[in-house]
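Welcome to a short tour of one protein model. Have the structure open beside you and follow along as we go through its rings, its core, its empty space and its backbone.

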Amino acid sequence: MKEIMKPETIKLVIFDWAGTTIDHGCFAPISAFIKAFKACGVDLTPQQARGPMGLHKQDHIRSLFQLDEIAAQWKSLHQRDWTEADVKHIYETFMPLQIEEAKLFTDLVPDLCETISILRDQGIKIGSTTGYPRIVADPVLEAARAQGYAPDFSMCADEVPAGRPAPWMIYRNMEALGVFPPSAVVKVGDTVPDIEAGLNAGTWTVGLTQTGSEVGLTVAEFAALSDEQKADRLAIAETKLKNAGAHFVIPTLQGLPDIIEQLNAKEN
C-alpha cells in the first residue's frame, strides 16, 4: 500500500460517478458496450464488458479488443485483425448508445446525500471525475442535481490529455477548487483505475464494493443474496481494490465519514 507522507486535514473528496454515486452496480456502460460490439457482429459478455471499467471509454474498447476471445471473434468475422480504426468505429457506435443508456441509470446510491451533508458540514469540498465524456455526463449531472446531489466541480475523461489511471482529472478538480496538497484530498471510486488515478495523484484512496462494478448488482439483486453470498461478493471486490493499492475499502458510502475522521486524526 502506498503511504501518504504528510497527513493534512481533508479539504476535498473527489467521487466517481457510475457505481459510486449513481447507478448501483454500474449498468449503463455495460449495456452500451454490449450493444456497440453486437452491432459489429461481436458477442460480449457482461463480465467481459466490466473488465476494464473505469477507463476512458475509447481506452475501454481498446482493452476489450485485446482479450483473446474478442480478438478471435473479430478475426473470424472480418478475416483480419482489429485495428485502431475499428476501435474508433465502435466508439462512434457506442457514443449515442451510451448517451441514451446513461439517462436510464441515474438513481443515486443509498447514503450518498447523507454522506455529502456530513462532509459539507465539515467544510469539505466535493469534486467528481468520470470516464464518461461530457456529452454523456451532462444529462447525468442534471438528473443527480434534481435528486439533491450537485458536486462543486466535475471533470470528464474527454476534457484532459488522458483519462484514468492518469491523475489529470483529479488535478483539475484540485486546481478548480483551490485545494493543495494531494494529501488533503480523498479519491473515492469503485474500480481499479479509480484507485490507480488517486495513487498517481498522491491522494488518499477509498474503494467501494457493494455499489460498484466489481459486485455488479442492483440494490434489489444484492438484497436478495444470502448473507454468505453477500460476504463472498464483497470479499472478492475488496481484495481486488486492496491489491490495486486502495488505502481503505468499504461496502458503501456510509463508512466514508469515519475514514475522514481517521485521516484528520492523523494530522493532529
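Let us begin with the rings: Phe37, Phe65, Trp74 and Trp82 make up a single aromatic cluster. Please keep in mind that this is a predicted model. Across the whole structure, a search turns up eight aromatic pairs. One of them joins Phe65 and Trp74, whose rings meet edge-to-face, with 5.2 Å from centre to centre and 90° between the planes. Both partners are hidden from solvent: Phe65 is buried at a relative accessible area of 0%, and Trp74 is buried too, at 2%. The cut-off explains the label, because a residue counts as buried when its relative accessible area is under 20%.

Another pair is formed by Tyr91 and Phe94; their ring centres lie 6.4 Å apart with the planes at 25°, so this pair is stacked. Tyr91 and Phe94 sit three residues apart in helix H5, about one turn of the helix. Tyr91 and Phe94 are both buried. A ring can also have a charge above it: the charged end of Arg50 sits over the ring of Phe27, at 5.1 Å from the ring centre.

**The nonpolar cores**

In soluble globular proteins, nonpolar side chains tend to be buried together. Which residues touch the most other members of the largest nonpolar core? They are Val13, Phe15 and Leu256, out of 57 residues in that core. Helix H5, residues 84-104, supplies the largest share of this core, with seven residues. Look at Leu256 next: neighbours within four places in sequence aside, Leu256 contacts Val13, Phe15, Thr115, Leu119, Val188, Val206 and Ile250. There is also a second, separate core of 10 residues, and among them are Ile14, Ile170, Ala197 and Ala201.

**The empty space**

How many cavities of 30 Å³ or more does the structure hold? There is one. The largest cavity contains about 80 Å³ of space. It is lined by 14 residues, and the closest to its centre are Asp16, Ala18, Lys57, Gly131 and Arg164.

**The backbone**

Arg164 turns up again here, since it leads into a cis peptide bond with Pro165. Most residues other than glycine have a negative phi, and most peptide bonds are trans. The table gathers the places in this model that depart from that pattern.

| Site | Feature | Value |
|---|---|---|
| Arg164 to Pro165 | cis peptide bond | omega near 10° |
| Phe180 to Pro181 | cis peptide bond | omega about 5° |
| Cys26 | positive phi | near 60° |
| Gln79 | positive phi | about 60° |

Each of these sites can be found in a loop. Pro165 lies between strand S3 (153-156) and helix H8 (168-177), while Pro181 follows in the loop between H8 and strand S4 (185-189). Cys26 belongs to the loop between strand S1 (12-15) and helix H1 (28-38), and Gln79 to the loop between helix H4 (68-78) and H5.

Of the two residues with positive phi, are Cys26 and Gln79 buried or exposed? Cys26 counts as buried, because its relative accessibility is 2%. Gln79, by contrast, is exposed, with a relative accessible area of 65%.

Conventions:
Residues numbered from 1 in each chain as written. Predicted model: local features only at pLDDT ≥ 70, side-chain atom pairs only at ≥ 80, totals over all residues. Heavy atoms only, no water. Core = buried A, V, L, I, M, F, W, Y, C linked by side-chain atoms within 4.5 Å. Buried < 20%, exposed > 50% of the residue type's maximum accessible area, 1.4 Å probe, protein only. Helix = DSSP H or I, 4+ residues; strand = E, 2+ residues; numbered from the N terminus. Contact = heavy atoms within 4.5 Å. Phe/Tyr/Trp six-rings, centres within 6.5 Å; stacked < 30°, edge-to-face > 60°. Lys NZ or Arg CZ within 6 Å of the ring centre and 35° of its normal. 1 Å grid on protein atoms, 1.4 Å probe; cavity = no way out; pocket = protein on both sides within 12 Å on 5 of 7 lines; lining within 4 Å. Points joined across faces, edges and corners; volume = space filled by probe spheres on them.
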